[in-house]
Amino acid sequence: MSADYAHLCSAILEQCFGKVVQSVADCLFSATTRTLSQIASSTNFPRKEVGLALAVLIKFRLVSFEPSKSNSYLPEYSLRREDVICLLRYSRYIHLVQTKYGNVGASIAEELLNSGSETATGVLLKCLADNENKAESAESYRNTFIQMISDHYIIKTPELITGEEQDELVPKFLKNECDFFMHPNIDLQLLAKIRNGEATLANAPDGNMVWKLNYDRFHQEFRDDLMKLAIERKLGDNAAECFRFILNIMYNTTDPWQRKASNQVTFVEIKQAIERKSNNLDLMKHLDQYISLITDDSLGFLRRVGDMGGGQYIVDFERSFESLAFACVESVITERFGSKAARIFRVIRFKKYIEQEDLQKEAMIPAKEAKSLAYNLFQEQFIHVKCIKKPGGGGSGPAKAFYLFQIKEKDTVRMLLDICFKALYNTIRRSNFEKSEHKGLIEKSQRLDSIVEAMKERGEAEDYIAEIAETFTPPECEILNKVKHRIKTLSKAELTLDDTIFLLQMYQHHCTTLPTGIQKFK
């Protein structure tokens, strides 16, 4: 993990949990594992505060622990670095759940995200206590919760192993994949009694089953949406719908996070699924043409590998995310250096190795301009130079050197990812600065808005309300509008940067052998 990512994680954790948790996480980021004593001595916080900070991070699945190899009674803590950035995606997770399950599902997801992990009965009690969806019954919340478990958006955390020896040793957890999506026993009658004060949460039959949101299931949806959107923009709605059915069939036989390519899907399976579930007559009529269109496209999302069952196809994750990632890289180069620099980048990538003289001819750019653009790209590490030396005549003369431009694809993506981390860190810092710099003005505006709202509810005279509202002067109003506009712009920049980071992380997962922290169950 880079220093830029460390700074970003530190800023995110400070924003979400405060200074103590941030300091503890920074201490864990700089080492593989640390004990409680080591963290306390490094951060200069009391052991009690460090313990509370670790408890918060464990509850939100950002820290894991296991017994020390040298002392089984001593736990060692480690930070799940790759999960910290998921804190920025909470709004996207809730929006996705809302589109699939409505306000009830969004309420459940929000409570799980706010609490980190919780029992099913505990989540439903909090949702019902909020009174945001008064028309919804406890049964609808229970059914939605169970449906989200069935669709793998909610996953059960490993259960604590209890026994005689566990009172003294470091707690251990039982990981059984068969139980991760087992439905909990939610007693609606007990739920009603707890709400009326006739029983307590300790009486709930599902007290030992703790649930959390399954980030990787959400990321699977985001990844699929990236691919479908790319096909929709290039080939149209029908092609995107066809690819959606292919992905759904693929998941029946393929691990969602298989790195290079999916298992085989036949034309007959695709046709049967579309005839059974789709009302798109145009797609049914020209299905073979749409599949050929996707297969022949330069994006390389789909590849034909056999002729059985009307044709066998695989989803080529490696090639598809290579295409998407380098479309993003070319877009960045175009914005920073212009379209001619992007053309030079494409030529070098296509040729793999090319000399300066050949580059200007292939790119059809004047020699002086091509040289300037190439060295700008080299200086910013988008392209690299490889030196090949050839011995002189007779083996005794001076060696002749050839300098060839090349692109180290994995290094280029990693460099751009670090730039995104740095930009996102700066965006968060700037947004926090704007809020703290104008804190008094923002609080005054909020107080005034609440007073005006209360006056309207009481039915006060409009003239009196207008007089109160005028206490917020025009210069203050102008400054506040500018601040709000800047904060809104920075929030949009955060979302856009996170989209780019996610795309580049998908490239790292599917096109490299680097450990990415993505797996089916965690």
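**A walk through the core and its surroundings**

Of the 137 residues in the largest nonpolar core, the ones touching the most other members are Ile108, Phe145, Ile154, Val315 and Ile344. Helix α5 makes the largest contribution to this core, with 12 residues. Keep in mind as you look around that this is a predicted model.

Before going further in, step back for the overall picture. The protein chain has 21 helices and 12 strands, and its C-alpha trace spans about 95 × 65 × 65 Å along the principal axes. Of the 522 residues, 44% count as buried. If you take the contacts between residues at least 6 apart in sequence, 66% of them join residues at least 24 apart.

Now back to α5, and to the sheet it sits against. This is an open sheet of 3 strands in the order β3-β7-β4, paired antiparallel. The edges belong to β3 (118–119) and β4 (154–156), and each has a single partner strand, so one side of each is left without a neighbour in the sheet. Helix α5 (residues 90–115) packs on this sheet and touches β3, β4 and β7, with its direction at about 105° to that of β7. As for the pairing itself, β4 and β7 (residues 210–213) run antiparallel and are joined by 3 bridges. One register point to look for is lysine 156, whose bridge partner in β7 is tryptophan 211.

α5 also has a helical partner to look at. Two packed helices are described by the angle between their axes and the distance between the axes. For α5 and α6 (residues 120–130), the axes come within 9 Å and cross at roughly 115°, and the crossing is right-handed. On the α5 side, the residues involved are Ser107, Ile108, Glu111, Leu112 and Ser115, which meet Val123, Lys126, Cys127 and Asp130 of α6. You've met Ile108 already, as one of the core residues that touch the most other members.

Val315 is another name from that core list, and it takes us to strand β10 (residues 312–315). Here both faces are covered: Gln312 and Ile314 are buried on one side, Tyr313 and Val315 on the other. In a regular strand the side chains alternate between the two faces of the sheet. Leaving out residues up to four places away in sequence, valine 315 touches Met227, Phe243, Ile246, Leu247, Met250, Ala261, Ser262, Phe301 and Leu302.

β10 has antiparallel partners too. Strand β8 (residues 265–266) is joined to β10 by 2 bridges, with valine 265 opposite tyrosine 313. Strand β9 (residues 302–306) is joined to β10 by 4 bridges, again antiparallel, and here arginine 303 stands opposite isoleucine 314. β9 and β10 form a hairpin with 5 residues between them, and glycine 309 in the turn has a positive phi of about 65°.

Next, head towards the N-terminal part and helix α3 (residues 36–43). Its buried residues are Ile39, Ala40 and Thr43. Viewed down the axis of α3, they fall within an arc of 100°, so they line one face of the helix. An α-helix has 3.6 residues a turn, so residues three or four places apart point the same way. The cover over the buried residues of α3 includes α2 (19–29), α4 (47–59) and β2 (75–79). Right after α3 comes asparagine 44, with a positive phi near 65°.

That backbone value is worth a pause. Most residues other than glycine have a negative phi, and most peptide bonds are trans. Two loop residues are worth checking in this light. Arginine 61 has a positive phi near 60° and sits in the loop between α4 and β1 (63–67). With 11% relative accessibility, arginine 61 counts as buried because the cut-off for that is under 20%. Glutamine 381 has a positive phi near 70° and lies in the loop between α17 (367–379) and β11 (384–390). At 47% relative accessibility, glutamine 381 counts as partly exposed.

Finish at leucine 448, in helix α19 (residues 439–458). Leucine 448 has 13% relative accessibility and counts as buried. Setting aside its neighbours within four places in sequence, leucine 448 is in contact with Ile468, Ala469, Thr471 and Phe472. For a sense of spacing, isoleucine 487 is 39 residues from leucine 448 along the chain, and their C-alpha atoms are separated by 20 Å.

Definitions and conventions: Residues numbered from 1 in each chain as written. Predicted model: local features only at pLDDT ≥ 70, side-chain atom pairs only at ≥ 80, totals over all residues. Heavy atoms only, no water. Pairing = 2+ DSSP bridges. Contact = heavy atoms within 4.5 Å. Axes fitted to C-alpha atoms, helices over the stretch in contact; angles between N-to-C directions. Buried < 20%, exposed > 50% of the residue type's maximum accessible area, 1.4 Å probe, protein only. Arc of directions from axis to C-beta. Core = buried A, V, L, I, M, F, W, Y, C linked by side-chain atoms within 4.5 Å. Left-handed = near helix turned anticlockwise from the far one by under 90°.
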